[in-house]
Amino acid sequence: MTDVAGERLACFGLIGTTVADDGILERAYAEAIATQGVVTGTTAYARGMAQVHRSRGKAVLDVLLELFPENEARAQAAYLAFDKSLSGAVQRLGLHPVPGAPEALDELAAAGWRSCVISSVSRRQLQGMLDALGWQDRFDLAVSVDEVPRGCPWPDPVLYGMLTLGVDDVRDAIVVQATESGVLSGRRAGAGLVAGVQTGTHPAARLRSAGAMQVLGSVADVPAMVAAWGGSAASSAGSAGSAGSAEDGRAAARLMVPRPADAPVMPRAESAEVARQSGPA
């Protein structure tokens, strides 16, 4: 952390990080690709679901476009089926927090941390999930794929959270994710601390290879990690050459976050339409 006055931000994933991963997303993917003839028991299905597993954390439409690279119409049709399947499952089955997640979020808020949840689904789906959890006011900001030009593994979702919530230095943010793509997003954004959790899809070794500085049992361990990290930062600040060591990654990015212009962020589809109407520059 830095001595610059500004907000401190904790960014979290949703399914698998703060919300229990009971297979709801992978079932929605399975039903989505089945509408395109990729059904259980076939080699194509096994290959497709293995790719879904590897790609968890990416925007849903991006995953489906990778599955059907030769035909965008099939990917779009599968996306509509995914959307319907996920909405129905949330309504029927509900969602449940990872044990200790609400308490951990409360503890961070009491310590002065702002919070942001990042998801790979649309704004409507994300809002429906938060409503199902009763988490309408749990986070200071909820970031879906509709708010950013690119989802994870790109840095856009984390940087959007920093800009929106007033973080002055990227090193004053932490990112906690359960997927490789989520961890990569945090590292690429220059967050001061990026941690993986073992309550989601990807194993600890994969999270570490993506750049996780720490891998925790669950999000319930985050307050203790943050307290230890803050203490380490404070003690190292007085020792020349030790602040921002490579091990903890606090010197990975020394960029100051610029203030955003006072203009609304348009969803990707709307931005593309504006660009088409404007013509070439």
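In this predicted model, the side chains of R150 and D156 come together in a salt bridge, with a nitrogen-to-oxygen distance of 2.9 Å. The two partners differ in their surroundings, for R150 is partly exposed at a relative accessible area of 38%, whereas D156 is buried at 12%. Because buried means under 20% relative accessible area, the value of 12% places D156 in that class.

D156 also belongs to helix α7, which spans residues 156-165. Seven of the ten residues of this helix are buried, so α7 is largely enclosed by the rest of the structure. The buried residues of α7 are D156, P157, V158, Y160, G161, M162 and L165. An α-helix has 3.6 residues a turn, so residues three or four places apart point the same way. As for what covers the buried residues of α7, the covering elements include the strands β1, β2, β3 (141-143) and β4 (173-177), together with α8 (180-188). Just after α7, the backbone at G166 takes a positive phi of about 85°.

The bridge between R150 and D156 is not an isolated case, since a search of the whole structure finds twelve salt bridges. Among them is the one between E7 and R114, whose closest N and O atoms are 3.7 Å apart. This pair links distant parts of the chain, with E7 lying in the segment before β1 (8-13) and R114 lying in strand β2 (residues 113-118), 107 residues apart. E7 and R114 are also joined with D140 in a network of salt bridges. Another bridge brings together the side chains of E66 and K58, at 3.1 Å from N to O.

The table sets out the accessibility of residues that take part in these bridges.

| Residue | Relative accessible area | Class |
|---|---|---|
| E7 | 29% | partly exposed |
| R114 | 26% | partly exposed |
| E66 | 34% | partly exposed |
| K58 | 21% | partly exposed |
| R150 | 38% | partly exposed |
| D156 | 12% | buried |

Read with the bridges in mind, E7 at 29% and R114 at 26% are each partly exposed, and the bridge between E66 and K58 likewise has a partly exposed residue at either end, with E66 at 34% and K58 at 21%. The bridge between R150 and D156 instead joins a partly exposed residue, R150, to a buried one, D156, and D156 is one of the buried residues of α7.

Definitions and conventions:
Residues are numbered from 1 along each chain as its sequence is written. This is a predicted model: local features need pLDDT of at least 70, side-chain atom pairs count only at pLDDT 80 or more; totals for chains, interfaces and linings use all residues. Side-chain values use heavy atoms; hydrogens and water are left out. A salt bridge is a side-chain nitrogen of Lys or Arg within 4 Å of a carboxyl oxygen of Asp or Glu. Helices (H or I, at least four residues) and strands (E, at least two) are DSSP runs, numbered from the N terminus. Buried means under 20% relative accessible area, exposed over 50%, partly exposed in between (1.4 Å probe, protein chains only). Contact means heavy atoms within 4.5 Å.
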